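Me: I would like to go through this model with you, one region at a time. May I start with the backbone?
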Amino acid sequence: MKISIIGGGYVGLVSAVCFADMGHFVTCIENDHKKYTLLQSKEVPFFEPELSEKLSHVYDAKRLSISPSFTPDDFNSDVIILAVGTPMSDSGEADMSYLFNAVSEIIAAAKTTDFDSVVLTTKSTVPVGTGRKIKELVQEAQLSDKILVASNPEFLREGSAVYDFFHPDRIIIGTDSTTVFEIFKQLYKGLHKDTRPIAHVSLETAELSKYASNTFLATKISFINELALLCDKVGADIKETAKLMGMDGRIGKYFLNPSPGYGGSCFPKDTHALQYIGKNQDVNLNVVNAAIHANNQQIHYCFTQLKTLLNGSAQGNTVTILGTSFKPNTDDIRESASLKLIDLLLSDGAKIQFTDPKAIDNTMDLYGNKVTPFSSTYDAAENSDAIVLMTE
Ligand SMILES: NC(=O)c1ccc[n+]([C@@H]2O[C@H](COP(=O)([O-])OP(=O)(O)OC[C@H]3O[C@@H](n4cnc5c(N)ncnc54)[C@H](O)[C@@H]3O)[C@@H](O)[C@H]2O)c1
């Protein structure tokens, strides 16, 4: 099949490369000039295990091409996938400007192009109602019989994204049309036919299921983090407690690691977006609100503990931070708990030394000369008053 993917980031590029690896012919559209140029020379603009080798392979096999913009030729694709960012805005709401800019671009091009029909699907995480809104825009442009709107939320995890793409727990397709669902079955043929269930649901259910999953996992993390605070007070061991909880099949052992709080490009923004959706619908999501609140508090607890060890203040101390990405095997530092700690330490007058296996460049882009990078853990630790292990 032919696929066009808009956005060559963590989700778009991984999907493009993996669909091409499955035998499809994929165009990945990336409008950031720097990323586009890197991709053209077969370089992945970020770190993700296995991706570089696979990119090279599908590129040489001529099943992947990179484009700087959407063109009328993309209407020859069976499916156009929207994989642009939907970051958190100041109000907590998802910023949908990238997505609707891309949709406008597609509709404008469709008005002047002759083509049969194409499925247009979101893979980006989008608020409930986005698919309906795209449908309305398509309808207003009198393109309803040509552009068939769907939702196909993505669940891959950075750090194991290629593996996750090929081993999804489920594939979710939100569409009103059985024809569109059949097209997706073809698209994912080979992945779902053995053990991976493929679910046909409404646009709204597909969109909400993504937020529901991420927020539930975030809630599990916040729950165990709050219990960790209690364990410190009563002398219980949080790791043993979590292990014993996880042995209960109804609870499960995952996402019960006490930590300085969840971070990354998804959980913080998705929990806030769901909170915002609830507010808009006059539904009080008390559990979601509490999970967010607990997460915001967590890093302050770590900071206070650290200051106590430094006799009350970080002022004048050199602190080494080991790990700045939000989790292992990625260079993504978006909303990393490590950065929150660095900010608190800097504002308290500490000097920061750090290292990270993959994220030194991204961290330096953010902080410049406010922090000192080291490529070796031992060098980073030298002459410091405190070493904070911020890796998983
Ligand atoms: N990162 C994850 O682990 C993950 C997992 C599941 C779902 N998601 C969701 O997937 C979406 C994308 O996330 P991401 O982490 O890949 O974001 P990202 O920022 O890494 O990538 C988005 C890319 O889209 C490009 N872009 C934006 N507008 C464009 C346009 N009109 N034409 C071409 N390119 C355009 C940007 O330049 C950027 O490279 C988000 O909604 C996110 O919530 C992310």
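Me: Which residue takes a positive phi just after α2?
Reply: The residue is K42, and its phi is about 65°. Helices and strands here are DSSP runs, numbered from the N terminus (helices H or I of at least four residues, strands E of at least two). Please note that this is a predicted model, in which local features need pLDDT of at least 70, side-chain atom pairs count only at pLDDT 80 or more, and totals for chains, interfaces and linings use all residues. Residues are numbered from 1 along each chain as its sequence is written, and side-chain values use heavy atoms, with hydrogens and water left out.

Me: And what caps the N-terminal end of α2?
Reply: D32 does so for this helix, which covers residues 33-40. A side-chain oxygen of D32 lies 3.1 Å from the backbone nitrogen of K34.

Me: Moving to the sheet: what is the order of the four strands?
Reply: The order is β11-β10-β9-β12, in an open sheet with parallel pairing. Two strands count as paired if DSSP finds at least two bridges between them.

Me: Which strands stand at the edges?
Reply: β11 (371-373) and β12 (386-389) do. Each has a single partner strand, so one side of each lacks a neighbour in the sheet.

Me: What is the average twist?
Reply: From one strand to the next, the twist averages 25°.

Me: How many bridges join β9 and β12?
Reply: Four bridges join them, in the parallel sense, and β9 covers residues 318-322. One bridge pairs L322 with L389 in β12.

Me: Which helix packs on the sheet?
Reply: Helix α12 (residues 337-347) does, touching β9, β10 (351-355), β11 and β12 (contact: heavy atoms within 4.5 Å). The direction of α12 makes about 175° with that of β9, on a scale from 0 to 180 degrees between N-to-C directions.

Me: New topic: which residues line the second largest pocket?
Reply: The lining consists of E93, A94, M96, P127, V128, T130, A273, Y276, I277, N280 and Q281. A pocket is an open set of points on a 1 Å grid where a 1.4 Å probe fits, with protein on both sides within 12 Å along at least five of seven lines; lining residues have an atom within 4 Å of a point.

Me: Which helix gives the most to that lining?
Reply: Helix α10 (residues 267-280) gives the most to the lining of the second largest pocket, with four residues.

Me: What is the volume of this second largest pocket?
Reply: The volume is about 210 Å³, taken as the space filled by probe spheres set on the points.

Definitions and conventions:
A polar contact is a pair of N or O atoms within 3.5 Å; within protein, one must be able to donate a hydrogen and the other to accept it, and residues adjacent in sequence count only if both atoms are side-chain atoms.
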